[in-house]
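Student: I should like to learn how to read a structural model feature by feature. Could we work through one together?

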Amino acid sequence: MYIELAVALVLGAAVALLFLNKKKSVLKAQDDWWGEGSGLQGPEDDSIRPFKIETTSEEIEDLHRRLDQTRTFPSLEESQFHYGFNSRYLEKVVSYWRNDFDWRKQVDKLNRYPHFKTKIDGIDIHYVHVKPKNLAEGTCAVPLMMVHGWPGSFYEFYGIIPLLTEPSSADDIAFEVICPSIPGYGFSEAPHKKGFDSVCAAHVFSKLMKRLGFNEFYVQGGDWGWLITTNMAQLEHNTVKGLHVNFAPPDKAGLPMVLSLLLGRRFPKLFGFTEHDVKRLFPCMQKLIVEAVKETGYLHIQSTKPDTVGRGLNDSPVGLAAYILEKFSTWTDPEFKNLEDGGLERKFSLDDLLTNVMIYWTSRSIISSMRFYKENFGKGLNQPHAKIPVNVPAGVASFPNELTHTPKLWVTKKYPNLKTYTPMARGGHFAAMEEPQLLAEDIQNFVKIVEKQTRK
């Protein structure tokens, strides 16, 4: 009892000292030219152009030829997904892709929602823009930008869009949803110059929302979308009404985090740790270091020499599918490594998985998407945005199988104005695609709380 009290007093004093000494900082971004050449010699074309995804017989025939010519290689016996994508199951995926997958049908599905492009800072930005069809009289839709990550795409949000734009309950908010493709991903043009990082993407997306006429809006993201939307909230704290994320890696270690790691296993209640927190964090060396090293080889490659491995993936659809879909297995549930099929079809359909792969394949964007890692990590981990807290209202949906687990105590360091922190019932990294209903409900709850407080 006395030990816990003493630790609590020390911890409280340390936290108070940290907050008293903290100076408010503001993240800044400047206009840059990411297009070809030296820059624009006049005003930029700010027109918004309708865009339609298309395919051709030649494109499909080229894909089939490459699938037919793939060279198989056997997996080790009893290796499941521990060495990467299992070759036996990959042959099944390739067979389905070649003989049953209907890309034309999926293109029609992709075009179900309105697509647009507009030029910002020299590059074409692609986005999906969906408005509610049946707004109740006297109500307005709430604008919400949702940003994907790697190796996902705007297609991750196709399951959640109708839940947000056409809610089933009259008490729910109807959202106007904007889902852009990160520059260099999918149908957004890739930057032609070095240095395009998350802050640059946040600056571009903020400009997009202003161009669409939104003076206030909400943002939501996971994976890179988490960092881009976080940067948007730091850049546009008077414009972003609220930030909701389903991925919130730990911030730089401070005294509260260090103390919680040293004492949290023995005194979990002292730090507000739940049973799940303890399970995900301890023993620290195994859970936070060893397991992270095992699953981040791709990150080191893409943060150093993305173009080398990217060139092979850009030429081989089978290689591309194996590289991307392995993440949809392991990042959805780490236990799926023990299954020969990686558990992929337990959570997703092959049609949906291959549609995401096809967005990378047909747009030839795998190399430019991987460069985003180098542009961010190549600048080091001590960038200005990493030192600045997010002061806008924030909400976190903490999915149990997420890559990294961040307990509420750690989240509040980066997001001091935290309104909701929800331990989700199930789900992993690709939350919008895997558990659209759960994520939509949590977004609804967060925005309702912020809107209610704003009206007071």
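**Reading helices, contacts and backbone**

Tutor: This is a predicted model. Let us begin with a loop: aspartate 223 is placed between β6 (217–221) and α7. Although aspartate 223 is not a glycine, its phi is positive, about 55°.

Student: Is aspartate 223 buried or exposed?

Tutor: The relative accessible area decides the matter, with under 20% counting as buried. Aspartate 223 has a value of 10%, so this residue is buried.

Student: Which other residue has a positive phi although it is not a glycine?

Tutor: Arginine 364 has a positive phi of about 55°. Arginine 364 lies in the loop between α15 and α16. In this case the relative accessibility is 67%, and arginine 364 therefore counts as exposed, the cut-off for that class being over 50%.

Student: Let us go on to α16. How does one check the span of this helix against its twelve residues?

Tutor: One takes 1.5 Å times one less than the number of residues. For α16, residues 366–377, this gives an expected span of 16 Å; the end C-alpha atoms are 18 Å apart, which agrees.

Student: Why is α16 described as largely enclosed by the rest of the structure?

Tutor: The description follows because nine of its twelve residues are buried. They are Ile366, Ile367, Ser368, Ser369, Met370, Phe372, Tyr373, Glu375 and Asn376.

Student: What covers the buried residues of α16?

Tutor: The cover includes α6 (198–211), α7 (224–235), α11 (297–304), α12 (306–315), α13 (317–330) and α15 (350–363).

Student: How are two packed helices described?

Tutor: One gives the angle between their axes and the distance between the axes. For α7 and α16, the angle is about 50° and the axes are 12 Å apart. The two helices are therefore oblique to each other. The crossing of α7 past α16 is left-handed.

Student: Which residues meet where α7 packs on α16?

Tutor: From α7 come Trp224, Leu227 and Ile228, and these meet Phe372, Tyr373, Asn376 and Phe377 of α16. Sorted by class, this contact of α7 with α16 has six nonpolar residues, one polar residue and no charged residues.

Student: At what angle do the axes of α3 and α15 cross?

Tutor: The axes of α3 (residues 87–99) and α15 cross at roughly 80° and come within 11 Å. The angle makes α3 roughly perpendicular to α15. On the α3 side, the contact is made by Tyr89, Val93, Tyr96 and Trp97; on the α15 side, by Leu350, Asp351, Leu354, Val357 and Met358. By class, the contact of α3 with α15 has eight nonpolar residues, no polar residues and one charged residue.

Student: I should also like to examine a single side chain. Where is serine 198 placed?

Tutor: Serine 198 is in helix α6. With a relative accessible area of 0%, serine 198 is buried. Apart from its neighbours within four places in sequence, serine 198 is in contact with Leu227, Ile228, Asn231, Phe372, Asn376 and His385.

Student: Finally, which peptide bond from a tryptophan to a proline is cis?

Tutor: The bond from tryptophan 150 to proline 151 is cis, with omega near 0°. Proline 151 is in the loop between β4 (142–147) and α5 (161–165). Phenylalanine 282 and proline 283 are also joined by a cis peptide bond, with omega about -5°. Proline 283 is in the loop between α9 (275–281) and α10 (284–294).

Definitions and conventions
Residues numbered from 1 in each chain as written. Predicted model: local features only at pLDDT ≥ 70, side-chain atom pairs only at ≥ 80, totals over all residues. Heavy atoms only, no water. Helix = DSSP H or I, 4+ residues; strand = E, 2+ residues; numbered from the N terminus. Buried < 20%, exposed > 50% of the residue type's maximum accessible area, 1.4 Å probe, protein only. Contact = heavy atoms within 4.5 Å. Axes fitted to C-alpha atoms, helices over the stretch in contact; angles between N-to-C directions. Parallel < 35°, antiparallel > 145°, perpendicular 65-115°, else oblique. Left-handed = near helix turned anticlockwise from the far one by under 90°. Nonpolar A, V, L, I, M, F, W, Y, C, P; charged D, E, K, R; others polar.
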